[in-house]
Amino acid sequence: MRALRFAAAEMTQAELARRIGVTRQTVIAIEQGRYSPTLELAFQIARVFRAPLDDVFQYPDESEGGS
């Protein structure tokens, strides 16, 4: 998500937060992997970047975890 912000005219965390209706701390937590957004919030973030959801967020593949 951080890379997408920089590709979008170096959008700040505060600007992204404002556009999706959350706090800057929430954006920071999402970028650091400490918080998983709701599906609705994930779609809002993808919409801001005009990108498919799976370009913004990836869910770990079970086969990659050695399970």
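Let me start with a working definition: a residue is buried when its relative accessible area is under 20%. Keep that cut-off in mind, because V48 comes in at 16% and is therefore buried. One caution before we go on, everyone: this is a predicted model.

So, where does V48 sit? Its place is in helix α4, which runs over residues 39-48. And what does V48 touch? Leaving aside residues up to four places away in sequence, V48 touches M11, L16, R19 and I20. I like the M11 contact in particular: M11 and V48 are 37 residues apart in sequence, while their C-alpha atoms are 11 Å apart in space.

Now let's widen the view to the whole of α4. Alongside V48, the buried residues of this helix are L41, A42, I45 and A46. Looking down the axis of α4, you'll find those buried residues within an arc of 155°, so they line one face of the helix. Turn to the other side of α4 and you meet L39, E40 and R47, which are exposed. What does the buried set pack against? The buried residues of α4 pack against α2, α3 and α5, the last of these being residues 53-56. One backbone detail for those of you with the structure open: R50, just after α4, takes a positive phi of about 50°.

Next, the pairing of α4 with α2, residues 13-20. The two axes come within 10 Å and cross at roughly 120°. Angles from 65 to 115 degrees would count as roughly perpendicular, and α2 and α4 are therefore oblique to each other. Their crossing is right-handed. On the α2 side the meeting residues are L16, R19 and I20, and on the α4 side they are L41, Q44, I45 and V48. Sorted by class, that contact has five nonpolar residues, one polar and one charged.

Finally, α2 has another partner, α3, at residues 24-31. How do these two pack? Their axes are 8 Å apart, at an angle of about 105°, and α2 and α3 are therefore roughly perpendicular to each other. From α2, the contact takes in Q13, A14, L16, A17 and I20, and from α3 it takes in R24, V27, I28 and E31. Here the classes divide into six nonpolar, one polar and two charged residues.

If you keep one residue in mind on your way out, let it be V48: buried at 16%, and touching L16, R19 and I20, among others. Thanks, everyone!

Terms used
Residues are numbered from 1 along each chain as its sequence is written. This is a predicted model: local features need pLDDT of at least 70, side-chain atom pairs count only at pLDDT 80 or more; totals for chains, interfaces and linings use all residues. Side-chain values use heavy atoms; hydrogens and water are left out. Axes are lines fitted to C-alpha atoms, for helices over the stretch in contact, and angles run from 0 to 180 degrees between N-to-C directions. Helices (H or I, at least four residues) and strands (E, at least two) are DSSP runs, numbered from the N terminus. Angles under 35 degrees count as roughly parallel, over 145 as roughly antiparallel, 65 to 115 as roughly perpendicular and the rest as oblique. A crossing is left-handed if the near helix is turned anticlockwise from the far one by less than a right angle, and right-handed if clockwise. Contact means heavy atoms within 4.5 Å. Ala, Val, Leu, Ile, Met, Phe, Trp, Tyr, Cys and Pro count as nonpolar, Asp, Glu, Lys and Arg as charged, and the others, Gly among them, as polar. Buried means under 20% relative accessible area, exposed over 50%, partly exposed in between (1.4 Å probe, protein chains only). The arc is that of the directions from the helix axis to the C-beta atoms.
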